[in-house]
Amino acid sequence: MHILVTGGAGFIGSHTVVALSEAGYTPVIVDDFSNADKSVLDGLTAILGKKVICYEGDCGDKQLLQKIFNEQAIQGVIHFAAFKAVGESMSEPLKYYRNNLGTLVALLESMVSAGIPDLIFSSSCTVYGDPAKLPVTEASPVQQPESVYGNTKKVGEEILLDCQRAGLPLRSLLLRYFNPVGAHPSGLIGELPSGVPSNLVPFVMQTGAGLRPQLTVFGDDYDTPDGTCIRDYIHVMDLAEAHVAALAYLKKLNTPNHCDVFNVGTGKGASVMELIRTYEAVSGRKLPFTIGARRSGDVPMVYADPAKIQREMGWSASRSLEAALTDAWRWQQNIQ
Ligand code: UD1
């Protein structure tokens with residue numbers, strides 16, 4: 001079964017291409033390579049022992065989508081393609097709304113006219129904001145996001161819910177990812193941030209490798225056991241496999257019109273300090289760091305209740321933070 005993976009050369013997308021292929025699907029990538037490197041395709045070929053079908057271009061380009069739908073028997077879409085830099089989204093909001101939402105609408109219109117019903121949408125735990133109760137379940141209230149990026153995820157979810165309410169022939173699953181980290185255990189694909197990484201794990205890896213002098217821990221005066229923020233870090237291969245489970249779930253539905261939401265996390269929180277210590281243990285290196293000011297927009301603590309996806313899809317995360325950081329470190333050493 002052919003599955004279109006938009007943003008399939010990106011971090012989560014490329015790992016999902018591996019998981020899909022291993023599960024017997026034929027992934028078809030569409031990526032404009034605006035935030036991904038062509039070398040990802042070589043990594044995928046090396047892991048899978050064959051070339052992955054890839055179209056270079058914008059997945060909001062309806063002519064390109066039509067061409068792909070004509071050439072490949074696409075039976076479902078996993079939509080990763082989106083901008084994700086929180087800071088940049090605040091200075092260039094229209095770029096984010098056009099790319100993250102304009103593209104989604106064009107993709108949905110193309111799917112409806114081609115009669116392709118199934119879509120998995122990348123959402124984020126950012127929609128929960130600073131939750132009053134932990135762990136967060138899918139019933140926890142969605143809050144007004146602090147960033148334009150976060151708002152594109154919230155509005156993206158609303159667009160899909162509205163399609164369902166209107167009775168359009170679409171079946172969508174909104175997956176709210178917690179913090180994806182790690183790399184494929186082969187060390188052949190992983191996260192490739194462009195410029196200075198804003199996410200913790202790539203920053204830790206580059207600092208550990210000596211590419212940056214030190215990590216700044218953004219605040220140690222939060223109301224958490226060690227004062228640093230707590231997140232639910234999920235191995236990217238676990239997250240990739242959640243998409244395979246979600247696809248199987250969609251294919252078993254016997255309704256033409258559906259929309260549902262699932263948390264995809266481990267259920268366990270780790271603090272920034274715990275993550276640093278875990279990195280030091282798996283790499284055998286000391287990580288230079290300093291304690292700095294809080295980063296605006298950071299919430300003290302968020303982690304998932306993943307019971308719903310486990311109950312309904314039989315999926316749960318199986319890899320540890322140690323495994324994720326070991327794999328991320330192997331990848332970092334390979335790309336130097
Ligand atoms: C961020 C985004 C989130 C997005 C996700 C994508 C914000 C507020 N949130 O999540 O919307 O979906 O990335 O992966 O930007 N930290 C440091 N030093 C650093 C970098 C991070 O101490 O140099 C800390 C942060 O304060 C935070 C934790 O590490 O407590 C994780 O940060 P990060 O990897 O950026 O992820 P989030 O902020 O959780």
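Here a student and a tutor talk through a predicted model, its ligand, its hollows and two backbone details.

Student: What are the ground rules?
Tutor: This is a predicted model, where local features need pLDDT of at least 70, side-chain atom pairs count only at pLDDT 80 or more, and totals for chains, interfaces and linings use all residues. Residues are numbered from 1 along each chain as its sequence is written, and side-chain values use heavy atoms, with hydrogens and water left out.

Student: How do you know what the confidence of the chain is?
Tutor: pLDDT is the predictor's confidence in each residue, from 0 to 100. The chain has a mean of 97, and 100% of its residues reach 70 or more.

Student: Where is confidence lowest, and where is it highest?
Tutor: Helix H4 (residues 86-91) is lowest, at a mean of 93, and strand E10 (residues 233-235) is highest, at 99. Helices (H or I, at least four residues) and strands (E, at least two) are DSSP runs, numbered from the N terminus.

Student: Which residues come nearest to the ligand?
Tutor: Leu200, Thr216, Arg231, Arg295 and Asp298, out of 19 around it. A residue counts as near if one of its heavy atoms lies within 4 Å. Strand E8 (residues 215-218) gives the largest share of this shell, four residues.

Student: What makes the approach of Asp298 to the ligand a polar contact?
Tutor: A polar contact is a pair of N or O atoms within 3.5 Å; within protein, one must be able to donate a hydrogen and the other to accept it, and residues adjacent in sequence count only if both atoms are side-chain atoms. A polar side-chain atom of Asp298 lies 2.6 Å from a ligand oxygen, so the pair falls within the limit. For Arg295, a polar side-chain atom lies 2.8 Å from a ligand oxygen. Thr216 uses a backbone N or O atom, 2.8 Å from a ligand nitrogen. The protein covers 86% of the 740 Å² of accessible area that the ligand has on its own. Such areas come from the Shrake-Rupley method with a 1.4 Å probe; for residues, only the protein chains shown count as cover.

Student: Why is one space called a cavity and another a pocket?
Tutor: On a 1 Å grid over the protein atoms alone, a cavity is a set of points where a 1.4 Å probe fits but cannot get out, and a pocket is an open set with protein on both sides within 12 Å along at least five of seven lines; lining residues have an atom within 4 Å of a point. The count is one cavity of 30 Å³ or more. The largest cavity holds about 50 Å³. Its lining includes His79, Asn100 and Lys153. The second largest pocket holds about 230 Å³. Among its lining residues are Tyr233, Lys268 and Glu322.

Student: What makes the backbone notable at Pro135 and Phe33?
Tutor: A cis peptide bond joins Leu134 and Pro135, with omega about -5°. Pro135 sits in the loop between E5 and H6. Phe33 is not a glycine, yet its phi is positive, about 55°. Phe33 lies in the loop between strand E2 (26-31) and helix H2 (39-48).

How values were computed
Grid points are joined across faces, edges and corners, and a volume is the space filled by probe spheres set on the points.
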